[in-house]
Amino acid sequence: MIRSPSALALVKWRLKDFAEGEGAAARAFDAALADGGWIDVSAPGDVYLALHAAGRIPDPFGDRAEPDCAWVRNREWWWRTDFEAPQIGAQQRLILEFEGLDTCATIWLNGAIIARSENMFRELRLDVTALALAGRTRLAICFAPTAGAAVDEELPNWGIISDQLKESRRNLVRKAQFGWGWDWGPNLPTAGIWKPVSLRVETAAALRTVKFTTRELSPGRERAQVSIEIEADVFGTEQAFAEVTLDGPGGERVANGTVALRDGRGALDADINDPKLWWTSELGEPSRYRLEVALVAGGQTVARCELMVGIRTIALDQSPDPGEPGASFFRFVLNGVPIFARGANWIPASSFVGAVDETHYRRLLEPAARAHMNMLRVWGGGVYEHDAFYELCDELGILVWQDFMFACAPYPEHDPRFVDNVAAEVTFQIERLRNHPSLALWCGNNECQVIQEFANSLAGNRDSVPGNLYYSKIMPAAVAALDPATPYWPGSPFGGPRANSMIAGDVHDWTVWHGMPPVPVDRPVGKFDLSPESVAYSRYAEDNARFVSEYGIQAAPVMETLRRSLPEDQRYLGSPALLNRLKDRPKNKVDAMLVTVTGLPATLEQYVDFTQITQAEGLKFGIEHFRRRKPHCSGSLIWQLNDCWPGISWSVIDYFGFGKASYFYVRRAYAPAIASFKAAEDGAVELWVTNDRLSPFETELEVSLRSFGGEIAWSKAVAARIEATESRCVWRVDSADLVRDPRHVMTVRARDGSVPANRHFFAPIKDLDRPAPPAPGIQFESRSAHEMAVHLDAAAYLYFVHLLVNNERTHFSDNYFDLAGGESRTVIVRNDALVLTPERITVRWR
């Protein structure tokens, strides 16, 4: 963060609504706050939450509350605060800084308009020195309805999604696109101050930007060349300079120097011996260095910047793939090492983005790290997240694929003001985020090119996507100028002879779930088909993509989340309140998947279990397939990690923070080293081992074929050595040696625990011939008030064993797993905010 020595955060505000255009007439900018209708609100904050706290609307996430909150978007919202203006000297200036205004804002100071803003994603800095403020000062911001702001604008649209755009006109406004609803989120567009507001006194000079770059790593990584570039605004003195220090992870000083500023610019280059590199967790430690830049003018330090930076290089390898002629790689190279990206897509953590704080982020990002995720894609229909998100990704060793905020819409290019607004947004966000070692990619948009190509195929056209000016010119030029060390990619999916082609670039695989035809090379094969056969998760095995940046299966959250979100009389299958939690269409789309995996549910409890089983088994199947294909496939980003409200979606962690079954399946499937079974076309079964680490390992695997009743047909020890970052078949059993029926299961376990245990069924879950197992032995061992060891002993095969605690802060060492007859497992349950007793822990299985 770049900061001046003197700053006043403006946190406490008052809020009132008016009909559009009536606030100024009512002198809302200076009316007495004692007048009726003003309520308390904090900045950063949210209008909906303030209204709910004041009793004016129901809980927006409550039972079918969206219609009761719909009026909010059509009102004009005035935020007001008073502050004492500081006295400033001759070489000082007074700056009002707005880090994020959502969205169409008019700023008033002491009854006069001083600025306007039309972009949620840009910072606004106002020099108010000339206004000679003194004493009590009144600041007011009017937020106009966004629909009204764009009502007279020409609306580019695609016929295939024109109805939604005609209503929201979201593509004409630089605002979070998901706010008007998505197929996983509610229709609750926000307005207000969503990032901090502060008053700053600057003396003689101010830091504008600091840029840290790892320019080069030596071949053996024993030396790094880094550069610190500084840009300052020098206004009250003729001379200024910067003192720069760089300290290592242990606090040791590794570089320092004085940087003379010429025309406000200067740089320091340094060679770092034996650098502690920033790595993702499977490759090493995410080491960070402390960079401090002090700006000195007039003999005093007038501004200071402290950054936690990482020494690392990142590249995107798109060279030809010699193993699959005609195709090319799409793989990230970190510090010279090609990696397999194991991760998920990130959506805003709440519909009310101004209310998301560091604690909220940590409760989602730490579980992602525990699930061995090394990449998150910040999806282009949300927001550029708060600073805390990127700082935590830096800390946890999670790479960030950063979309620019454009999604599933044609964006206008004809209005110079809109174009300039976008260009300024792009510049601001690049300069803001480029120092994060976690930043791996700038991406132009989500799905704009692929939708345009689909629209072209329906109409027989070859039109360019509206918005291509941004994706092909403005964005890549800005990245090249401001952050050339980070790759740029025009959109997602993109690459090859057609967007979503499997032979180049990245792919969104929505054959499974949405029934979209795959694109093996240059054209779709098949047609849209929502039949059970077309959307079956076994079709992931047909996907030969280079990098799969979206794929997923929908599932209900845990029952506790539904209990919190649904009235008691609505907790049944098909209730109106339950269906309101489903934003995808048709609302019974999941049935086509359930019918072949679990069968259709008869109760709400079965619906939760069956959808979670299908999601978990499907993601496990897909992840294992994509990881076996490395290096031809180099990435798996599931849709999606999290939720913005308590809904039914593709998330693996629900809104409150409960992990679905899929979270734990994914955690095992994303382990740095895994063993997985592959059903071969000739009826054989292959055992593959995949290693994402930098070092080889040797292990002995025990492979068994056993009945669900406990009889072992055969067991074999398989010795394997797996090289660094290798994936290969280590063993194969022919069809003649298998008992391929619903009564048997094939299992694999590493005797040294080097890979998670795994299994292979020979029939869908619903068709497995499993005798009703006796209950397992369960023993509870209290290790402290907040930690319990649960010991489980299975007499026969148990499927989908899981432990439940109705508190989302509970951590499980493992969960949602299988136990074969004679096996034991100890699960450590911990909750630092809750005293754990046996009565609080439920053990279930199917």
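Leaving aside its neighbours within four places in sequence, which residues is D46 in contact with? In this predicted model, the answer is V41, W79, T190 and F352. Let's start with that aspartate and then look at the chain and some of its loops.

## A buried aspartate

You will find D46 in the loop that runs from strand 4 (39-42) to helix 1 (47-53). D46 is buried, and yet this residue has no salt bridge. Which side chain of opposite charge is the nearest to D46? That is K175, and the distance is 8.3 Å. A salt bridge would need a side-chain nitrogen within 4 Å of a carboxyl oxygen, so K175 does not provide one for D46.

What the side chain of D46 does reach is backbone: the nitrogen of L49, at 3.0 Å. Taking helix 1 as residues 47-53, D46 sits in the loop before that helix, and the side chain of D46 reaches the backbone nitrogen of L49. Beyond its sequence neighbours, the contacts of D46 include W79 and F352.

## The chain as a whole

How many helices and strands does the protein chain have? Its secondary structure comes to 15 helices and 47 strands. The radius of gyration is 28 Å, close to the 28 Å that the globule rule gives for 846 residues, so the chain is as compact as a globular protein of that length. Along the principal axes, the C-alpha atoms fill a box of roughly 90 × 65 × 65 Å.

Burial and contacts add to this picture. Of the 846 residues, 60% count as buried. Among contacts with a separation of 6 or more, 71% come from residues 24 or more positions apart. The accessible surface of the chain is about 31600 Å², and carbon and sulfur atoms account for 49% of that surface.

## Two cis peptide bonds

Most peptide bonds are trans. Against that background, here are two bonds to look at in the viewer. S492 and P493 are joined by a cis peptide bond, with omega at about 5°. P493 belongs to the loop between strand 30 (488-489) and strand 31 (507-508).

The other example has no proline in it: a cis peptide bond joins W639 and Q640, and its omega is about 10°. Q640 is part of the loop that links strand 33 (635-638) with helix 15 (661-669).

## Positive phi outside glycine

Most residues other than glycine have a negative phi. R64 is not a glycine, but its phi is positive, near 50°. This arginine is in the loop between helix 1 and helix 2 (66-69). Is R64 buried or partly exposed? With a relative accessible area of 34%, R64 is partly exposed.

E447 also has a positive phi, about 65°, although it is not a glycine. Its place is the loop between strand 29 (439-443) and helix 8 (448-459). The relative accessibility of E447 is 16%, so this residue counts as buried.

## A valine between two strands

Where does V739 lie? This valine is in the loop between strand 38 (727-733) and strand 39 (744-750). V739 counts as partly exposed because its relative accessibility is 32%.

V739 and R706 are 33 residues apart in sequence, while their C-alpha atoms are 9.2 Å apart in space. Setting aside neighbours within four places in sequence, V739 is in contact with L705, H744 and F762.

Technical notes. Residues numbered from 1 in each chain as written. Predicted model: local features only at pLDDT ≥ 70, side-chain atom pairs only at ≥ 80, totals over all residues. Heavy atoms only, no water. Helix = DSSP H or I, 4+ residues; strand = E, 2+ residues; numbered from the N terminus. Buried < 20%, exposed > 50% of the residue type's maximum accessible area, 1.4 Å probe, protein only. Lys, Arg positive; Asp, Glu negative; His and termini not counted. Polar contact = N/O pair within 3.5 Å; in protein donor to acceptor, adjacent residues only side chain to side chain. Contact = heavy atoms within 4.5 Å. Rg over C-alpha atoms; globule rule 2.2 N^0.38 Å. Areas by Shrake-Rupley, 256 points an atom, 1.4 Å probe, with all protein chains shown as cover.
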